[in-house]
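Here's a quick briefing to read with the model open beside you. Take a look at the structure first, then work through the notes.

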Amino acid sequence: MVEGTPVVLANVNGDIFALEDECSHEEYPLSDGELEGEDLVCIYHGARFECATGRNKSLPAIRPVKSFAVQIQNDEIYIDLS
Ligand code: FES
């Protein structure tokens, strides 16, 4: 949770991405899902999202999830929610 917004972080080959932690299919947390390559797969019904952009890549999701810019400074992760 970042300032009231649920956020899930994904480490894809050392690159850190931040997505809103709510599937666009139904209101379940993507943080329960699994990382498969460059994608985060929702454990509930199998929708797939690109970690770098939040783009939906498979049904049943028909909309993307929000993605947030990430900066890492001095081993701390900063997320831009705007
Ligand atoms: S809640 Fe994520 S695929 Fe249905």
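Valine 12 sits opposite aspartate 15, which belongs to strand S2. Keep in mind that you're looking at a predicted model. That pair is a handy way into the hairpin of S1 and S2, so let's begin there.

**The hairpin**
- S1 covers residues 7–12 and S2 covers residues 15–20.
- The two strands run antiparallel, and 6 bridges hold S1 and S2 together.
- Just 2 residues lie between the strands of this hairpin, and asparagine 13 has a positive phi near 55°.

**From the hairpin to the sheet**
- S2 also pairs with strand S6 (residues 67–73), again in the antiparallel sense, this time over 2 bridges.
- Want to find that pairing on screen? Look for leucine 19, whose bridge partner in S6 is serine 67.
- Alanine 18 is worth a look too, as it stands opposite phenylalanine 68 in S6.
- Put together, 4 strands make an open, antiparallel sheet in the order S1-S2-S6-S7.
- S1 and strand S7 (76–80) are at the edges with a single partner strand each, so one side of each has no neighbour in the sheet.
- On average, neighbouring strands of this sheet are turned by 30° against each other, ignoring direction.

**The nonpolar core**
- In soluble globular proteins, nonpolar side chains tend to be buried together.
- Here, the largest nonpolar core contains 14 residues, and Leu19, Leu30, Leu40 and Phe49 have the most contacts inside it.
- Strands S1 and S2 are the elements that supply two or more residues to this core, with S2 giving the most, at 3 residues.
- What does leucine 40 touch, leaving aside its neighbours within four places in sequence? Its contacts are Ala10, Leu19, Leu30, Gly33, Leu35, Phe49 and Cys51.

**The whole protein**
- Count up the secondary structure and you get 0 helices and 7 strands, so the pattern along the sequence reads β-β-β-β-β-β-β.
- The radius of gyration is 12 Å, close to the 12 Å that the globule rule gives for 82 residues, so the protein is as compact as a globular protein of that length.
- Along its principal axes, the C-alpha trace spans about 40 × 30 × 20 Å.
- Buried residues account for 24% of the 82 residues.
- Of the contacts with a separation of 6 or more, 33% link residues 24 or more positions apart.

Note on methods:
Residues are numbered from 1 along each chain as its sequence is written. This is a predicted model: local features need pLDDT of at least 70, side-chain atom pairs count only at pLDDT 80 or more; totals for chains, interfaces and linings use all residues. A nonpolar core is a set of buried Ala, Val, Leu, Ile, Met, Phe, Trp, Tyr and Cys residues joined through C-beta atoms within 7 Å. A residue is buried if 20 or more other C-beta atoms lie within 10 Å of its own, exposed if 12 or fewer, and partly exposed in between; C-beta atoms are placed from the backbone. Two residues are in contact if their C-beta atoms, placed from the backbone, lie within 7 Å. Two strands pair if DSSP finds at least two bridges between them. The radius of gyration is taken over C-alpha atoms; the globule rule is 2.2 Å times the number of residues to the power 0.38. Axes are lines fitted to C-alpha atoms, for helices over the stretch in contact, and angles run from 0 to 180 degrees between N-to-C directions.
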